[in-house]
Structures are given as C-alpha cells and as structure tokens.
Amino acid sequence: MTRRSLSTAAPAIGLALLGTLALAGASAAVAPPRHRSPKKKITVTWLGHAAFLVVSPGGTQLLLDPFLRQNPSTPDSLKDTTRWHPAAILVTHSHFDHSADAKAIALASGAKVVASYDWAQTLGLPDSQVVGVNVGGTVKIGDVTIHAVPAVHGSVPDGRPMGFVLEFADGRTLYDTGDTWIFGDMSLIQALYHPSIILLCVGGGPYTENPSVAAMAVRRYFRPAVIVPMHYATFPALATVADVRKAFRGDRRLEVMTPGETRQF
C-alpha cells in the first residue's frame, strides 16, 4: 500500500474502530446490573426480661438467659420448658433471673449450655452438654461463633458475669451485654466485633446501669444498626418502658419489643 493509499484509508480505519468501541460501550450500558443476594435475616424473639431466642441466618437456634416459668413478663404460652429445642443455651451469669430454667431445658432438649466454666460445672449435666467458657473464649455452635466478653456485675456461687457476642456467617454480630454497668472495655468490644445488633441491659434500680447510662454507653462506644433494650419493667425496682423511651428519644435504632414478639433484622 502506498503512502497515499494509507492516508486515504486511515480515516476509514479510524471510523471503523470508533464504531466498534461505540458498540462495545452500548453493550456494556445495556448489560443487566448484577444484583447481590439479600442477606438472610437474624431473627430475635424477646421472651421477657433478659431472655431471648435468636435464630441465625443459617437456622441455628440459641436461647439466651432462660428465666421463663417464674418470669412475670413471659407470656404463658412460652413458659413450658419442654417446647424449647435450641442448639445451645447461653447463660450470662448465675442469678436466678437469667439461669432459672437453663438446666430443665437442657435436660428436656439435649441442648448444650454455654456459660462461665466454673458455674457450668455445678449443673450436673452430662459432659457432652457442658460448654464452659471464660472471658476471651470462643466456641462454635452451628453456624454461629460465640465470643465471651466482660460484664460488670455479680455471679454466685461460682463463675463470673459475662456478655456474649454472636458472630454470624455473613459477618454481622449481635452483642448481648448481660447485666452490666458501662465500662471502658466496651471500646474493645466495638473494635474487635463491631456489633450490628445490641441486646442492651437498661434496667437500673439497685442492680445495673439505668436507661440514661445505657444510652451513654451506646453513644460513647458503639455504632449498632439496632438497639433492643432488655432487663426492664419486669419488677417494680426496674426502669419502665417510658424511662427507656425517654433516654433514647430521637434514636431511630431503638427497637422496643413486647415479650413474645419476634422481629427480623
């Protein structure tokens, strides 16, 4: 090809190339968008006081602090300990209003009990059902990784109070504070686990942090998407629903549940 023919052909080649690029761009523009599969929900049922049933996105059922039969806030339909068949029962500390029905449900269902190592040994359950932990410990139940974290409270006759962080397969986490007061190491719980959902002790009275202090703890240390208050309105000494709403006024993350109610997050 001569220099003249090259100069004549160049515009045609250029136009052809531009046309090809335009067609490629048009194809990309009309390609259907790639949709991410929506995350499956975490299901939380409040059974009254500090008792919850949490079901992971993969279907693992965990029963937290089961105080049911003598719990004045638990609906009658949920008091029967033989109806519960969780993969595990998590007990934050030994006080009756958190542990009263743990052994009965474990015996009836065969569920494992995850609790402070020292206290768990006193239950008289088969070794295969006892999962003793201490602060900093981690165990796996189904598709949920359970982290034992500190709480500031009491526990008798054995063991110590704890909170639990439930880590789900999709990376989300749920933090059950247990009975506690605000404490500086909450900042480490946030740094390590980034709780998406917090089951937050707000009861106050002579026992735990009150709603105002609980709200301060969230503001100071955490960035959750959902806050579920607990451990209130069960007994006269504890905070009321009105107290809780006042302390968290304007915070749209607050999810005030009714005992027996189920929500998905």
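In this predicted model, the buried residues of helix α5 are Met 186, Ile 189, Gln 190 and Tyr 193. Viewed down the axis of α5, these buried residues fall within an arc of 100 degrees, so they line one face of the helix. They pack against strands β8, β9 and β10 and against helix α6 (211-221). Just after α5, His 194 adopts a positive phi of about 45 degrees.

The sheet beside this helix is described next. It is an open sheet of 6 strands in the order β7-β8-β9-β10-β11-β12, and its pairing is mixed. Strands β7 (138-141) and β12 (226-230) stand at the edges with a single partner strand each, so one side of each is left without a neighbour in the sheet. On average, neighbouring strands of this sheet are turned by 20 degrees against each other, direction ignored. Helix α5 (residues 186-193) packs on the sheet, where it touches β8 (144-150), β9 and β10. The direction of α5 makes about 160 degrees with that of β8.

Strands β9 (residues 162-167) and β10 (residues 173-176) run antiparallel and are joined by 4 bridges. Leu 166 has Leu 174 in β10 as its bridge partner.

Confidence in the model is summarised as follows. The mean pLDDT of the protein chain is 90, and 86% of its residues reach 70 or more. The elements with the lowest and highest mean values are tabulated.

| Element | Residues | Mean pLDDT |
|---|---|---|
| Helix α1 | 3-30 | 45 (lowest) |
| Strand β3 | 61-64 | 99 (highest) |

Over residues 1-30 the pLDDT is below 50, and this stretch has 1 contact in the model beyond near neighbours in sequence. Where pLDDT is low, the predicted coordinates should not be read in detail.

Methods
Residues are numbered from 1 along each chain as its sequence is written. This is a predicted model: local features need pLDDT of at least 70, side-chain atom pairs count only at pLDDT 80 or more; totals for chains, interfaces and linings use all residues. Side-chain values use heavy atoms; hydrogens and water are left out. Two strands pair if DSSP finds at least two bridges between them. Helices (H or I, at least four residues) and strands (E, at least two) are DSSP runs, numbered from the N terminus. Axes are lines fitted to C-alpha atoms, for helices over the stretch in contact, and angles run from 0 to 180 degrees between N-to-C directions. Contact means heavy atoms within 4.5 Å. pLDDT is the predictor's confidence in each residue, from 0 to 100. Buried means under 20% relative accessible area, exposed over 50%, partly exposed in between (1.4 Å probe, protein chains only). The arc is that of the directions from the helix axis to the C-beta atoms.
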